[in-house]
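Please take a moment to look over the sequence and the fold before reading on, and keep both in view as you go.

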Amino acid sequence: MSAVRGAYRASAAAAVTAVIAVASAAVAGCAGAPAESPTAEKPRMTLTATLDSPTDITLRWNGRDPGAAGRTVEFATEPGGPYTILQFLPPGRATFTHPDLMPKTPFYYRLRPFYGPTSAAVNVTLPAGDFSEQDQRNDHEWAEPRPLSGDSGPSHSVRTTAAAPTGLKATVMHANGIRLTWQDHARGEEGYLIELRPDGDPGFRVAAVAGPGIESIGLITLPDEKKSTVRVRAYYYGEQSNVVHRTTGPEA
């Protein structure tokens, strides 16, 4: 949910954050028992955590949800949160490693599936060139996420296909910047996921996250995204997994 190269970039290891910590495995007694899920119902996903080294924790899970578009991996250092998104993962993934963690620190993890209808996809080809010093000096005001229509007219539950964003347009702002605009039709959405598939890649990945009601956002692209396909998803969360807990060991 990771993050910039643009202020709104949802990066590889975490969109909104990049807090990374450490853990140890050799230390018997460092590992805590998995905590109970805060949800009353039995979770559809079962999550486990292993200390693979004093500074690395690996998560594994089972359970199928064919309707999910993917899952978020989230962590906290207190049992009650707040939880931070580490990464948006495709539905086929069943493991994730959180590396280089802070020593002697408790870490709590959970998964949440996400769902929701997508816009039609658009193809984008950017001019050659890197993210220049001139580009970095620009204020990129155009990239600020914002609503456009201010229309409070008919909307549809985000759980229906009628809530899919429409009219997606991608405007090239410079050699590494795209402005995306669309029409919002969703009600009850958690927000919008900007999903991007670089040319030649098999699937989409989440490149940025926007809040509910947003209809415009800028995206600073990565070097392998000069030619890509982009779409926007109105999304909502499903039932979270159980919460697991491990405490990292001393620094090696």
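The paragraphs below go from a sheet to the nonpolar cores, and then to some details of the backbone.

Bear in mind throughout that this is a predicted model. A good place to begin is an open sheet of three strands, which follow the order β1-β2-β5 and pair in an antiparallel manner. Because β1 (46–53) and β5 (95–98) stand at the edges and each has a single partner strand, one side of each is left without a neighbour in the sheet. Neighbouring strands here are turned against each other by 20° on average, if direction is ignored. In general, strands of a sheet pair through backbone hydrogen bonds. Between β2 (residues 56–62) and β5, which run antiparallel, there are four bridges, and in one of the pairings T58 has T97 of β5 as its bridge partner.

We turn next to the interior. As a general tendency, nonpolar side chains in soluble globular proteins are buried together. The largest nonpolar core in this model has 25 residues, and the members that touch the most others are L180, W182, Y192, I194, I217 and V230. Several strands give two or more residues to this core, among them β7 (122–125), β10 (177–183) and β12 (191–198), while β15 gives the most, with four residues. If its neighbours within four places in sequence are left aside, V230 is in contact with residues that include V122, V124, L180 and I194. There is also a second, separate core of 17 residues, which includes F75, L86, L89 and V244.

Strand β7 deserves a separate look. In a regular strand, the side chains alternate between the two faces of the sheet. Which residues of β7 are buried, and which are not? V122 and V124 point to one face and are buried, whereas N123 and T125 point to the other face and are not. Four bridges join β7 to β15, the two strands running antiparallel, and T125 stands opposite K227 in β15.

Finally, consider the backbone in the loops. Most residues other than glycine have a negative phi, and most peptide bonds are trans. G81 and P82, however, are joined by a cis peptide bond with an omega of about 10°, and P82 lies in the loop between β3 (70–76) and β4 (84–89). D100, which is not a glycine, has a positive phi of about 55°, and K104, also a residue other than glycine, has a positive phi near 50°. D100 lies in the loop between β5 and β6 (106–115), and K104 lies in the loop between β5 and β6 as well. Since exposed means over 50% relative accessible area, D100 counts as exposed at 51% relative accessibility, and K104 counts as exposed at 64%.

Methods
Residues are numbered from 1 along each chain as its sequence is written. This is a predicted model: local features need pLDDT of at least 70, side-chain atom pairs count only at pLDDT 80 or more; totals for chains, interfaces and linings use all residues. Side-chain values use heavy atoms; hydrogens and water are left out. Two strands pair if DSSP finds at least two bridges between them. Axes are lines fitted to C-alpha atoms, for helices over the stretch in contact, and angles run from 0 to 180 degrees between N-to-C directions. A nonpolar core is a set of buried Ala, Val, Leu, Ile, Met, Phe, Trp, Tyr and Cys residues joined through side-chain atoms within 4.5 Å. Buried means under 20% relative accessible area, exposed over 50%, partly exposed in between (1.4 Å probe, protein chains only). Contact means heavy atoms within 4.5 Å.
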